[in-house]
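Q: Hey, got a minute to walk through a model with me? I'd like to go over the fold and then the ligand site.

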Amino acid sequence: MVINWFPGHMTKALRTMQAEVKNVDCVVYVLDARAPLACLNPEFDKIIAGKAVLVAVNKIDLCDFEKLEPVLPQIKARFGENADLVLLNSTLSGSGKKIFEKIEHLCHEKIARNQAKGISTIIRAMVIGVPNCGKSTLINNLCGKAKTITGDKAGVTRGKQWVAVSKNVHLLDTPGTLYPNLADEKTARYLAYVGSIKTEVLDFGELAICFVRDMLAQYPNALSDRYGALTAQGTDNFALAGVLEQIATARHFVSKGGEVDYDRTCFAILDDFRKSRLGKITLL
Ligand SMILES: Nc1nc2c(ncn2[C@@H]2O[C@H](COP(=O)(O)OP(=O)(O)OP(=O)(O)O)[C@@H](O)[C@H]2O)c(=O)[nH]1
Ligand SMILES: [Mg+2]
């Protein structure tokens, strides 16, 4: 499935990151724990090269920890020696506190240098990530107040915003950014499933077929646990449309005349995934 969504504000956001990265001590790189590898944006690599990175694997309340855990070392290693990793549910009040400690540790040299001169240090960190991974929610969690706007859709934050989350730590919220050509189909699909790509540019029918295929391959019981026994006569689009029909029947999305409401069914399946009604899932 080809997805191309890279609006003007994302180009601007990447330029802003490029300009701001010189002024920050470290980067907080937020990933969605349901699709952590898909959230790694190659565009960010060039921008943050050489910076200390705290990887914040967010939305762990929705993820499959058994699948997530083995890839964590590989994710951390991508950012070199001066990197650390933290697991988070940013919607849980106070859960972000451990970030302060990690950021201070990553920036300990600057803190020690300033301490020797008798100066207190303000650590500046830039928070980056693909759309909807929870950057603004994480910042609000750290300050204990809704200082940034958050929302259940991609593209909520539109400009940069500095937030003093404590006396000594200032965070820069940035708009979620993808990359110009989502050439890797799997990455594009996973980002679409987790809500990183604006709904308006997605074909939900095609996306739901892909989702059912991925689910049957990686979590064979997740769909039948929710919708009842399902039979797939194969993995081609025609066979999977048959699975959609069975789900539509289970959800009563079939008219009295027997017409299947595919749009509603496709939307409902993805909504069930996003609200974790299909269980805890991580797609690699
Ligand atoms: N379950 C769960 N939901 C979360 C978590 N963190 C954020 N969310 C939800 O994810 C959605 C997106 O959060 P935002 O903070 O707006 O995401 P963002 O990365 O700032 O998004 P953009 O500004 O569009 O790039 C919101 O509905 C949040 O409530 C988490 O750890 N667990
Ligand atoms: Mg935001």
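Q: What domains does the domain assignment give for the protein chain?

A: Keep in mind that this is a predicted model. The assignment gives domain 1, covering 8-173, and domain 2, covering 203-274.

Q: And how far apart are the C-alpha centres of domain 1 and domain 2?

A: Those two centres lie 36 Å apart.

Q: OK, sheet next. What's the strand order in the open sheet?

A: The order is 3-2-1-4-6-5, so to speak from one edge to the other, for 6 strands with mixed pairing. Strand 3 (83-87) and strand 5 (161-164) are the edge strands, each pairing on one side only.

Q: By how much are neighbouring strands turned against each other on average?

A: By 25°, with direction ignored.

Q: Let me zoom in on strand 4 and strand 6. In which sense do they pair, parallel or antiparallel?

A: Parallel: strand 4 (residues 123-128) and strand 6 (residues 169-173) pair over 5 bridges. To pick out one spot, Arg124 has His170 in strand 6 as its bridge partner.

Q: Which strands does helix 7 lie across?

A: Helix 7 lies across strand 1 (26-32), strand 2 (52-58), strand 4, strand 5 and strand 6. Relative to strand 6, helix 7 runs at about 160°.

Q: Switching to the ligand. How many residues surround ligand 1, and which are the closest?

A: There are 25 residues around ligand 1, and the closest are Gly134, Ser136, Thr137, Thr157 and Gly176. Helix 7 comes up again here: spanning residues 135-143, this helix gives the largest share of the shell, 3 residues.

Q: What's the split of that shell into nonpolar, polar and charged?

A: The shell around ligand 1 has 14 polar, 7 nonpolar and 4 charged residues.

Q: Now some helix packing. At what angle do helix 11 and helix 12 pack?

A: At about 90°, and the axes of helix 11 (residues 237-250) and helix 12 (residues 262-274) are 10 Å apart. The two helices are therefore roughly perpendicular to each other.

Q: Which residues make that contact?

A: From helix 11 you have Leu244, Ile247 and Ala248, and from helix 12 Tyr262, Thr265, Cys266 and Ile269. By class, this contact has 6 nonpolar residues, 1 polar and no charged ones.

Q: And helix 9 with helix 11, how do their axes cross?

A: The axis of helix 9 (residues 204-218) comes within 10 Å of that of helix 11, and they cross at roughly 90°. That makes helix 9 roughly perpendicular to helix 11.

Q: Who's touching whom there?

A: Helix 9 brings Ala208, Ile209, Val212 and Arg213, while helix 11 brings Asn237, Leu240, Ala241, Val243 and Leu244. This contact divides into 7 nonpolar, 1 polar and 1 charged.

Notes. Residues numbered from 1 in each chain as written. Chains lettered and ligands numbered in written order. Predicted model: local features only at pLDDT ≥ 70, side-chain atom pairs only at ≥ 80, totals over all residues. Domains from an automatic or database assignment. Near = placed C-beta within 6 Å. Helix = DSSP H or I, 4+ residues; strand = E, 2+ residues; numbered from the N terminus. Nonpolar A, V, L, I, M, F, W, Y, C, P; charged D, E, K, R; others polar. Axes fitted to C-alpha atoms, helices over the stretch in contact; angles between N-to-C directions. Parallel < 35°, antiparallel > 145°, perpendicular 65-115°, else oblique. Contact = placed C-beta atoms within 7 Å. Pairing = 2+ DSSP bridges.
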